[in-house]
Amino acid sequence: CLAYHNIKKLQIDQHRAWMLRTMFYMGTIITTRLIMAIAASVTTAIGSYNVIMSCGELGSIKGRTYLAATYPSCMANSTLSSDELVVVHANFSGSKEEIGASLRLGFGMAIWLALFLHMTGVEVYLKLTPREAHRLRMVAYEKQMEAGMKNPGSAGLVVEKFGDAEAWTAK
């Protein structure tokens, strides 16, 4: 929404910043999965982690025959007891439910770490490219002048409208 607002106001530099942030944040999904795989490998190497899963979850992964043989408490009177909880060993190189358990263990840590890396990474990148931001602000200034906007160069959501930064001038 912020990128859209800024491009409508011809504030190209701010549009670039918000679009870069959006793309970096969307990349968090991929980084999360990579971190989850690494964490699952580590927990498998340690070997002492278990996860609680419902029989309903396990029933959707494997068939009833497998469920009855591996997790007999899930099959009460030959009927799947979907609310029953069982302990599943976390093993990234094991059966499907063990792989799921090992991935589930590291998800919370992985998503927070990925978000931190991406949020920090995009802000560092934006700080490392001030010439491009300045060049685009000059382009925005020219386009806003042509369009007859008031406050050319500062028509969008710029820092001087919200903080204590000095007013921007074209140089």
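Which residue lies over the face of W18? The views below, all taken from a predicted model, begin with this residue.

**View 1. Charged side chains over aromatic rings.** R21 is placed over the face of W18, at 4.4 Å from the ring centre. In a second arrangement of this kind, the charged end of K62 sits over the ring of Y66, 4.6 Å from the centre of that ring. Separately from these charged groups, the count of aromatic pairs comes to one.

**View 2. The disulfide between C55 and C74.** A disulfide is a covalent bond between the sulfur atoms of two cysteines. The model contains one disulfide. It is formed by C55 and C74, whose sulfur atoms are 1.9 Å apart. Distant parts of the chain are linked by this pair: C55 belongs to helix α4, whereas C74 lies in the loop between α5 (64–70) and β2 (75–76), and the two cysteines are 19 residues apart. The torsion about the S-S bond of C55 and C74 is about -75 degrees, and the disulfide is therefore left-handed. C55 has a relative accessible area of 0% and is therefore buried. C74 is likewise buried, because its relative accessible area is 0%. C1, by contrast, has a relative accessible area of 90% and is therefore exposed.

**View 3. Strand β4 and its pairing with β1.** In a regular strand the side chains alternate between the two faces of the sheet. Strand β4 comprises residues 85–89, and its side chains show such alternation. V86 and V88 point to one face and are buried, while L85, V87 and H89 point to the other face and are not buried. Strand β1 (residues 50–54) runs antiparallel to β4, and five bridges join the two strands. Within this pairing, N50 stands opposite H89 of β4.

**View 4. The largest nonpolar core.** In soluble globular proteins, nonpolar side chains tend to be buried together. The largest nonpolar core of the model has 12 residues in all: V51, M53, C55, L58, L67, Y71, C74, M75, V86, V88, A90 and A101. At least two residues of this core are supplied by each of β1, α4 (55–61) and β4. Both cysteines of the disulfide, C55 and C74, are included in the core, as are V86 and V88, the buried side chains of β4.

**View 5. The surroundings of A90.** A90 is one of the residues of the largest nonpolar core. Which residues are in contact with A90, leaving aside its neighbours within four places in sequence? These are T44, Y49, N50, E98, A101, S102 and L105. Among them, A101 is also a member of the core, and N50 is the residue that stands opposite H89 in β4.

Technical notes: Residues are numbered from 1 along each chain as its sequence is written. This is a predicted model: local features need pLDDT of at least 70, side-chain atom pairs count only at pLDDT 80 or more; totals for chains, interfaces and linings use all residues. Side-chain values use heavy atoms; hydrogens and water are left out. Buried means under 20% relative accessible area, exposed over 50%, partly exposed in between (1.4 Å probe, protein chains only). Helices (H or I, at least four residues) and strands (E, at least two) are DSSP runs, numbered from the N terminus. Two strands pair if DSSP finds at least two bridges between them. A nonpolar core is a set of buried Ala, Val, Leu, Ile, Met, Phe, Trp, Tyr and Cys residues joined through side-chain atoms within 4.5 Å. Contact means heavy atoms within 4.5 Å. A disulfide is a pair of cysteine sulfur atoms within 2.5 Å. Rings of Phe, Tyr and Trp (its six-membered ring) pair if their centres lie within 6.5 Å; planes under 30 degrees apart count as stacked, over 60 as edge-to-face and the rest as tilted. A charge sits over a ring if NZ of Lys or CZ of Arg is within 6 Å of the ring centre and within 35 degrees of the ring normal.
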